[in-house]
Amino acid sequence: EAQRAARKIADARARLGDEPPPTLAGVARVRVQLPNGAKIDRRFPPDHTLGHLRDFIDLHVHDHPTTVDAALHSYVLATNYPRRVFNVVDDGDAPGADAALPIAEVHGKVVYVQDLDA
């Protein structure tokens, strides 16, 4: 199980890549609010998807276990206005139904991580 988790983190790092410069045409800026109220920001290239946002969240949870609930595994992403809920979490066999949506769906918005196990 530990080896599978380490591989999942390494794969997420490889998919996510470096944060693009703010001058990149079409760059999407997203603010994420975690269940504990912490906010994290990131820019994404225009060809990224909500699956990349999931990778960013999973890496943040992995890299900051003392500031984030390290047990955060099952969650959805939501926006307030307009209210939308996105299923992006990998269930082990396939990515969530909304993981392939373009990152532009949430550009400039606050995205709330809603823990389904809470």
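Helices (H or I, at least four residues) and strands (E, at least two) are DSSP runs, numbered from the N terminus. This is a predicted model in which local features need pLDDT of at least 70 and side-chain atom pairs count only at pLDDT 80 or more, while totals for chains, interfaces and linings use all residues. Residues are numbered from 1 along each chain as its sequence is written, and side-chain values use heavy atoms, with hydrogens and water left out.

**Whole chain.** Show the chain as a cartoon. There are 2 helices and 5 strands, and from the N terminus the elements run α-β-β-α-β-β-β. The radius of gyration (over C-alpha atoms) is 14 Å, close to the 13 Å of the globule rule (2.2 Å times the number of residues to the power 0.38) for 118 residues, so the chain is as compact as a globular protein of that length. Along the principal axes, the C-alpha atoms fill a box of roughly 40 × 30 × 30 Å.

Switch to a surface. The accessible surface (Shrake-Rupley method, 1.4 Å probe; for residues, only the protein chains shown count as cover) is about 6800 Å², and 52% of that belongs to carbon and sulfur atoms. Of the 118 residues, 39% count as buried (under 20% relative accessible area, against over 50% for exposed and partly exposed in between; 1.4 Å probe, protein chains only).

**The sheet.** Select the strands. They form an open sheet of 5 strands in the order β2-β1-β5-β3-β4, with mixed pairing (two strands pair if DSSP finds at least two bridges between them). The edge strands are β2 (39-44) and β4 (84-86), each pairing on one side only. From one strand to the next, the twist averages 30° (axes are lines fitted to C-alpha atoms, for helices over the stretch in contact; angles run from 0 to 180 degrees between N-to-C directions).

Next, select β5, residues 110-115. Its pairing with β1 is parallel, over 3 bridges, and R31 has V110 as its bridge partner in β5. The pairing of β3 with β5 is antiparallel, over 4 bridges; A78 stands opposite Y112 in β5.

Turn on the side chains of β5. In a regular strand the side chains alternate between the two faces of the sheet. Here V111, V113 and D115 point to one face and are buried, whereas V110, Y112 and Q114 point to the other and are not.

**Across the sheet.** Select helix α2, residues 50-63. Helix α2 lies across β1, β2, β3 (75-79), β4 and β5, and runs at about 140° to β2.

**T49.** Move to T49, in the loop between β2 and α2. A polar atom of the T49 side chain lies 3.1 Å from the backbone nitrogen of G51. Not counting residues up to four places away in sequence, T49 touches A99, A100, L101, P102 and I103 (contact means heavy atoms within 4.5 Å).

**V27.** Finish at V27, in the loop between α1 (2-16) and β1 (28-33). V27 counts as buried because its relative accessibility is 14%. Leaving aside neighbours within four places in sequence, V27 is in contact with P20, P21, P22, R43, F44, P46 and H107. H107 is 80 residues from V27 along the chain, and their C-alpha atoms are separated by 8.5 Å.

Definitions and conventions
A polar contact is a pair of N or O atoms within 3.5 Å; within protein, one must be able to donate a hydrogen and the other to accept it, and residues adjacent in sequence count only if both atoms are side-chain atoms.
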